[in-house]
Amino acid sequence: MPAPPSGTKLAAGLYLVATPIGNLEDITLRALRVLREVTLIACEDTRHTHKLLAHYEIAKRMLSYHEHNEQERAIELIALLKQGASIALVSDAGTPVLSDPGHRLVAECIAHGIPVVPVPGPSAAVAALGAAGLASDEFLFLGFLPSRVGERRRALAGLRAETRTMVFYEAPHRLADTLADAAELLGVRPAVVARELTKLHEEFARGTLAELAARYRERAPRGEITLLIGPCDEAVAQTAAAETPLATRVEQLQAQGLDRKSALKQAARERGLNRREAYKQLLT
Ligand code: SAM
C-alpha cells in the first residue's frame, strides 16, 4: 500500500525507510515526509538517527530496535501497529533489513496482516554495483562473509564456479585477508573495493583479487567497505565447474534456476560428456 499523498494521514503500517549511507542529502522527499508523519520511528541506534532527524528538523518519538532486543521489541511494535500506529523502521545507514535488523519484524507484520510499505532509497550494495563497472545484469548479494577464517574460506570455496558478480559487505580490518583468501580460492577475477561511498573520501580501487590483496596488505584501509568480485572468465568457470562432482554441479545449476534436465545437459557439456555418459556417471 503506497503512502498517501501529502496532507493525508499516514495509514497504519510498518514503513521501511531507507536513509543515507554517508551523505545526508541522499534521502528522498517521501522518506522525509514519512519520518515526519509516522507515530514513531524504530531505529537501530537512537543517537545516530537523532543526528539525521535534527539535520532535517524532525522531532519524533524514537524506539531502539536492534539485534539484541529484536524479539521483545517486535512484540511491542506489533501491538502498537495493531492499535493503528504507523511506524517507520530505519537502520543506521541504507535500506533496513539488508544485512540489518528488521526481518523478524517484517515477517511478524506479514503474519498479522499488517501492511509493510517500502520507502526505497540508498543501499551501499546497489550504489557500489552501479559504479563498479563489473557485469551487473545479474549479481549475487552475499552480505557479510563469516568472520571465522575456516567458515569464510569454506563460503568462498563454495563460490568457485559462480559466474555472476558478487557483492559483499566487509570490515576494513578483514579486507586484506578476505581478498587474499578470495584470490586463492576463486582464481583470477576482477574486483572492486568501494570505500566510503557518498562521503568525502569516497574511493573505488580496481584490480585483480591478488593485486587488491597486496595493496590492502601493505596499507589497511579505513572506513566502510563494499567489496565486489567480478565473474571469472568462461574458461576458468568451466575448469572450476569440471572439478566439482557431477551431482553437486547439477544441484548448483538447479539452485540457479535451471530445471533438472537442462542442469544435467549443461553440467555434461562443461565436462565434454554426452548426456548418456553424464547419466551413467550420475548413477554411479
Ligand atoms: N542496510 C545497509 C545498506 O542497505 O547499505 C547496510 C548495512 S550493513 C550493517 C553495513 C555495511 O554496509 C558496512 O559495514 C559496509 O560494509 C557497507 N556500507 C555501508 N555504508 C557504506 C559506504 N558509505 N561505503 C561503502 N560501504 C558501506
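**Exercise 1. Find the pocket that the ligand takes up, and say which domains build its surroundings.**

Step 1: In this predicted model, look for the largest pocket: that is the space taken by the ligand.

Step 2: Now check who gives residues to the shell around the ligand. Domain 1 (13–122) does, and so does domain 2 (125–234), so the ligand lies between them.

Step 3: Want some secondary structure to look for? Strand S7 (165–170) and strand S10 (225–229) each bring at least two residues to that shell.

**Exercise 2. Describe the residues around the ligand.**

Step 1: Start with the count, which is 19 residues.

Step 2: Sort them by character. You get nine nonpolar, five polar and five charged residues in the shell.

Step 3: Pick out the ones that come nearest: Leu98, Asp100, Ser123, Ala124 and Ile225.

**Exercise 3. Track down backbone atoms that pair with the ligand's nitrogen and oxygen atoms, then work out how much of the ligand is covered.**

Step 1: Take nitrogen to begin with. Thr95 has a backbone N or O atom 2.8 Å from a nitrogen atom of the ligand. For Ile21, a backbone N or O atom sits 2.9 Å from a ligand nitrogen atom.

Step 2: Move on to oxygen. Here a polar backbone atom of Ile225 is 2.5 Å from an oxygen atom of the ligand.

Step 3: Finish with the cover. On its own the ligand would expose 570 Å², and the protein buries 90% of that.

Terms used. Residues numbered from 1 in each chain as written. Predicted model: local features only at pLDDT ≥ 70, side-chain atom pairs only at ≥ 80, totals over all residues. Heavy atoms only, no water. Near = heavy atom within 4 Å. Polar contact = N/O pair within 3.5 Å; in protein donor to acceptor, adjacent residues only side chain to side chain. Areas by Shrake-Rupley, 256 points an atom, 1.4 Å probe, with all protein chains shown as cover. 1 Å grid on protein atoms, 1.4 Å probe; cavity = no way out; pocket = protein on both sides within 12 Å on 5 of 7 lines; lining within 4 Å. Sits in = over half its atoms within 2 Å of the grid points. Helix = DSSP H or I, 4+ residues; strand = E, 2+ residues; numbered from the N terminus. Nonpolar A, V, L, I, M, F, W, Y, C, P; charged D, E, K, R; others polar. Domains from an automatic or database assignment.
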